[in-house]
Amino acid sequence: MDRRAITWLARCSVRVVPAERRDWAEAVWAEAGEVPARRRLPWVTAGLWLVAKEAGMFRRIGYWLGMAALAVGAAGVVSLVWRGTSVAPGYKSVSLPAAVAGSGVYIDPRTTGSYRTLAIATVVLLAALPWLARRRGVFGPVGDSVAARVLRVVGCGAICVLVLVLARLAQSLGEDLAGAGATFPAVGPIVMAVITAYLTVFLAVGTRRWSPRWATRLSVEMRLLIGIAAVAPGFVLFLLDPAWWLITAYLLGIFAMTARGSRITPATLVFGAGAGIAGGLIWYASVSTEGIFLHANPWLVPVVAVVVFAAPGMAGAAAAWCTPAQDDAEAVRRECTRQGFAAGALTGAAAALLITISVLGTMVVDHLQFGPHSTEIYLFAALFGPPLGTVLGIIGGTAVADHRSRARPKGLPAQAPG
Amino acid sequence: VPRDRVFSEQTLSVLAALSALPQRWHHGYGIARETGLKSGTLYPVLIRLADRGLLEACWEDDQPAGRPRRHLYRLTTDGLASAREALAERPAQGAVSRRRPVAGRIVPSET
């Protein structure tokens, strides 16, 4: 590698390095000319590696690849929902495989508007994700731990898969998913109130930045007004589509849990998500065979029930056990309860999401229709999974908190975490 | 200097090279020759040491003929004290940990 090539590489690479690191990149290139010719190539290669690392290029490449995947996903949902060939006045055919294409499954055009709402909401949601992820505050940027990063990516990926599955299901089975609220109009506002209250409690418990200093100086009425103003967009979204309100709530939950300002420890994220995935898989494996497996082995029914329902409690207990030592018994109890709360919520959410995606995905793949309200049933599971997990997680967390409080005399000095 | 730091093997070798002649300014390729480290390992070590205030860096004042100006490095007072302390406690040659050391990483000691 001659000096002109080195100079050219140096000029190009140094430009992409942040200003505070530019001296170092220039230093590598300045030395390259002095390195003996036979060692120059490894020196330059390692220098380029350093430049790429310091410029955060791998993260940038990952970010843009993620954005491209989101754009492709959005385009896929839109085309899936918009596509359709007119086969008769007032009807649209669905794109089913040839084997079942002649089975006469049609989409009623009255639902087409709902599908289009679904598509628009998806695009809005996917467009808002990067903004939400990078903004400094309750929902971002992502925490430093590997667990937070992995959970955020996997969680968002799972939500995108759920969106695709719902869109596909809506198209191929003709279910009016977007109008799910119309099926149970009376419970719609209750559902929204449950989600809003739950999300509010979750944000208050789990994040450091939920109560900024300026907010504490405001009157209760003013805080209430701000709260209503903040919830209003959610209400509009809910009127458009309750399923989308639920999906948005899940996304906000994932972002709040994995944000840098979150009080939830990486161990809690690992235990919560791990227990949720395990519980969801066990549940799906037991039920996906239409109960035949459990019917043949009835003794497994209580085992599966105990394992699935004990998962949030165990996750809460494990998370509380790994909570860093605190100054006094009260702080230990508070922190254990918080981590138990978060681990239980995460377990319930992960299990509900996994079960919803896998069951609805199976319906899409096998072209099954379990009943007119089957989709809503799973959306209800997604609604009540996190609160149920939270209750069990708190029980697990407080049990461990009691144990740790008794084991640790009050006033013992704190230990450094980790 | 706090006693809550341990250095990786690569960092120790860089500290050894720099503390051998603490008043002299060293350049990257010279340190690489002394320590046997490649640039991809050496520079991250130097960057982390500088970030922690253990190393000072500057460019050569004059433009030498026939080669670019060098980036020069020297341990700070804190850096020299840390280096001497860490090198005094350095495990005997051959008793190096089997774990893959992370270049330039400063981790809390187990004490």
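Which residues do ring pairs link into a cluster with A:Trp43? They are B:Tyr29 and B:Tyr43, and this tour will take you there.

**Before you start**

This is a predicted model, in which local features need pLDDT of at least 70 and side-chain atom pairs count only at pLDDT 80 or more, while totals for chains, interfaces and linings use all residues. Residues are numbered from 1 along each chain as its sequence is written, chains are lettered from A and ligands numbered from 1 in the order in which they are written, and side-chain values use heavy atoms, leaving out hydrogens and water.

**Stop 1: the two chains**

Begin by colouring by chain. Chain A has 17 helices and three strands; helices here are DSSP runs of H or I with at least four residues, strands are runs of E with at least two, and both are numbered from the N terminus. Of its 418 residues, 45% count as buried, meaning under 20% relative accessible area, with exposed over 50% and partly exposed in between (1.4 Å probe, protein chains only). Chain A exposes about 21,300 Å², and carbon and sulfur atoms supply 70% of that area. Such areas come from the Shrake-Rupley method with a 1.4 Å probe, and for residues only the protein chains shown count as cover.

Now switch to chain B. Four helices and five strands make up its secondary structure, and along the sequence they follow the pattern β-α-β-α-α-β-β-α-β. Of the 111 residues of chain B, 43% count as buried. Chain B exposes about 6,400 Å², with 47% of it supplied by carbon and sulfur atoms.

**Stop 2: a stacked pair across the chains**

Over all chains, the structure holds three aromatic pairs. Rings of Phe, Tyr and Trp (its six-membered ring) pair if their centres lie within 6.5 Å; planes under 30 degrees apart count as stacked, over 60 as edge-to-face and the rest as tilted. Select A:Trp24 and B:Tyr73: their ring centres are 5.5 Å apart and their planes at 10°, so this pair is stacked. A:Trp24 belongs to helix α2 (residues 22–32) of chain A and B:Tyr73 to strand β4 (residues 71–75) of chain B, so the pair joins two chains. Both A:Trp24 and B:Tyr73 are buried.

Extend your selection to the whole of α2(A). Eight of its 11 residues are buried, among them A:Trp29 and A:Glu31.

**Stop 3: the aromatic cluster**

Next, select A:Trp43 and B:Tyr29. Their ring centres lie 5.7 Å apart with planes at 80°, so the pair is edge-to-face. This pair also crosses between chains, from helix α3 (residues 37–54) of chain A to helix α2 (residues 28–35) of chain B. A:Trp43 and B:Tyr29 are both buried. Add B:Tyr43 to see the full cluster that ring pairs form with these two residues.

**Stop 4: a charge over a ring**

Move within chain A to A:Arg152, which lies over the face of A:Phe255 at 4.4 Å from the ring centre. For this, NZ of Lys or CZ of Arg must be within 6 Å of the ring centre and within 35 degrees of the ring normal.

**Stop 5: two buried residues of chain B**

Go to B:His26 in strand β2 (residues 26–27) of chain B. B:His26 has a relative accessible area of 3%, so it is buried. A polar atom of its side chain lies 3.2 Å from the backbone oxygen of B:Leu21. Setting aside residues up to four places away in sequence, B:His26 touches several residues, including B:Ile31, B:Glu34 and B:Tyr73; B:Tyr73 is also in the stacked pair of Stop 2.

Then find B:Thr35 in helix α2 of chain B. Its relative accessibility is 18%, so B:Thr35 counts as buried. The backbone nitrogen of B:Leu37 lies 3.3 Å from a polar atom of the B:Thr35 side chain. Beyond neighbours within four places in sequence, B:Thr35 is in contact (heavy atoms within 4.5 Å) with B:Ser13, B:Val14 and B:Ala17.

**Last stop: confidence**

Finally, colour by pLDDT, the predictor's confidence in each residue, from 0 to 100. Chain B averages 78, and 77% of its residues score at least 70. Which elements of chain B have the lowest and the highest mean pLDDT? Strand β5 (residues 106–108) has the lowest, at 41, and β4(B) the highest, at 92. Over residues 93–111 of chain B the pLDDT is below 50. Where pLDDT is low, the predicted coordinates should not be read in detail. For the complex, the predictor gives an ipTM of 0.72 and a pTM of 0.58.

Methods. Polar contact = N/O pair within 3.5 Å; in protein donor to acceptor, adjacent residues only side chain to side chain.
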